[in-house]
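Visitor: Please take me through one part of this structure closely: the place where the ligand sits and the space around it. I would also like to hear about any other enclosed space.

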Amino acid sequence: MSVKDKSIMSNERRLIINVKHYENAVGKRAKNFFKSLPGSNSFDGWQIHYAIGAYDLYLAKEFSDKVFIAQHVDPNGYGAFTGRISMEMLIDSKINGSLINHSECRVSSGIIEKVIAKARNMEFDLVVCAENIDEVTSFAKSGARIVAYEPPELIGGNISVSTEKPDIIAKAANICENNDSRLIVGAGIKTGRDISISLKLGAVGGLVASGVVLSSNPADAITSLINI
Ligand code: G3P
């Protein structure tokens with residue numbers, strides 16, 4: 001199955017696990033961490049994507065049962081671009097998607113626009129992170145196919161976006177739908193209930209980090225998020 005074939009179908013739900021730079025999931029511990037986790041098609045109707053850092057991109061060639069995306073991508077192609085991560089290089093590494101503009105890796109609106117346009121041309125599975133409703137609106141109108149709403153103040157905590165910001169999720173989902181985009185939400189998501197509320201409000205999935213990566217049993221944590 002090609003990388004492109006494994007990307008999400010338009011009516012599927014998506015759970016993205018962002019391993020960030022948590023020590024138990026990156027570098028020399030990354031392989032063991034991912035060995036213990038479910039494959040990307042392990043749950044009916046759900047696609048699980050794992051967002052990894054540039055230093056661990058090799059994982060995509062080692063784990064054929066999993067879909068990896070990058071945590072960041074730049075607009076450049078091949079050439080004299082020190083330290084950049086291009087879509088071309090990611091695709092060569094069997095990675096056909098990426099987050100961009102995560103709260104912990106913000107970029108300018110000009111860069112985001114360029115990356116959105118390039119991703120559409122290359123059929124690259126881009127997830128554009130937005131910190132508020134204005135950004136959701138702007139990115140959806142710019143052609144982002146998937147927008148991830150994450151209020152920064154809730155990231156890494158125990159109060160979830162779905163319980164704290166239901167009105168914004170509903171509004172954001174509506175804006176996305178009207179612009180041929182889809183919404184996922186993240187920040188503080190720890191339980192299947194958090195995911196279930198988000199879906200009822202119109203999101204198509206969740207973006208989760210600490211609730212899985214820092215859990216004592218990450219595989220069980222994924223199962224409990226999705227078995228709702
Ligand atoms: O990218 C996901 C993230 O920022 C949310 O983090 O730890 O609140 O699930 P967390």
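Guide: What follows goes from the ligand outward to the cavities. The model is a predicted one.

The ligand sits in the largest cavity. Around the ligand are N18, K20, H102, E150, I155, G156, A187, G188, L207, V208, A209 and S210. Sorted by class, this shell consists of five nonpolar, five polar and two charged residues; K20 and E150 are the charged pair in the list.

Three of the residues in the shell can be described by their distances to ligand oxygen. For N18, a polar side-chain atom lies 3.0 Å from an oxygen atom of the ligand. For A209, the partner is a polar backbone atom, and an oxygen atom of the ligand is 2.9 Å from it. For S210, the side chain takes part again: an N or O atom there is 2.5 Å from an oxygen atom of the ligand. On its own, the ligand would expose 310 Å², and the protein buries 100% of that area.

The cavity itself comes next. Its volume is about 130 Å³ for the largest cavity, and 17 residues line it. Those that lie nearest the centre are E150, A187, L207, V208 and A209, and each of these five also appears among the residues around the ligand. In terms of secondary structure, β8 (205-208) supplies at least two residues of this lining, and α9 (210-213) likewise supplies at least two. The class count for the lining of the largest cavity is seven nonpolar, seven polar and three charged residues.

As for other enclosed space, the structure holds two cavities of 30 Å³ or more. The second largest cavity contains about 50 Å³ of space. Its lining is made up of I116, A119, R120, F124, L126, V128, G143, A144 and R145. Both α4 (109-122) and β5 (125-130) supply at least two residues of that lining, and α4 gives the most, with three residues. From the list, I116, A119 and R120 fall within the span of α4, while L126 and V128 fall within that of β5.

By class, the second lining has six nonpolar, one polar and two charged residues. Glycine is counted as polar in this scheme, so G143 is the polar residue there, and R120 and R145 are the charged ones. For the largest cavity, by contrast, nonpolar and polar residues are seven each in the lining.

Terms used
Residues are numbered from 1 along each chain as its sequence is written. This is a predicted model: local features need pLDDT of at least 70, side-chain atom pairs count only at pLDDT 80 or more; totals for chains, interfaces and linings use all residues. Side-chain values use heavy atoms; hydrogens and water are left out. A residue is near a molecule or strand if one of its heavy atoms lies within 4 Å of it. A polar contact is a pair of N or O atoms within 3.5 Å; within protein, one must be able to donate a hydrogen and the other to accept it, and residues adjacent in sequence count only if both atoms are side-chain atoms. Accessible areas come from the Shrake-Rupley method with a 1.4 Å probe; for residues, only the protein chains shown count as cover. On a 1 Å grid over the protein atoms alone, a cavity is a set of points where a 1.4 Å probe fits but cannot get out, and a pocket is an open set with protein on both sides within 12 Å along at least five of seven lines; lining residues have an atom within 4 Å of a point. A molecule sits in a cavity or pocket if more than half of its atoms lie within 2 Å of its grid points. Grid points are joined across faces, edges and corners, and a volume is the space filled by probe spheres set on the points. Helices (H or I, at least four residues) and strands (E, at least two) are DSSP runs, numbered from the N terminus.
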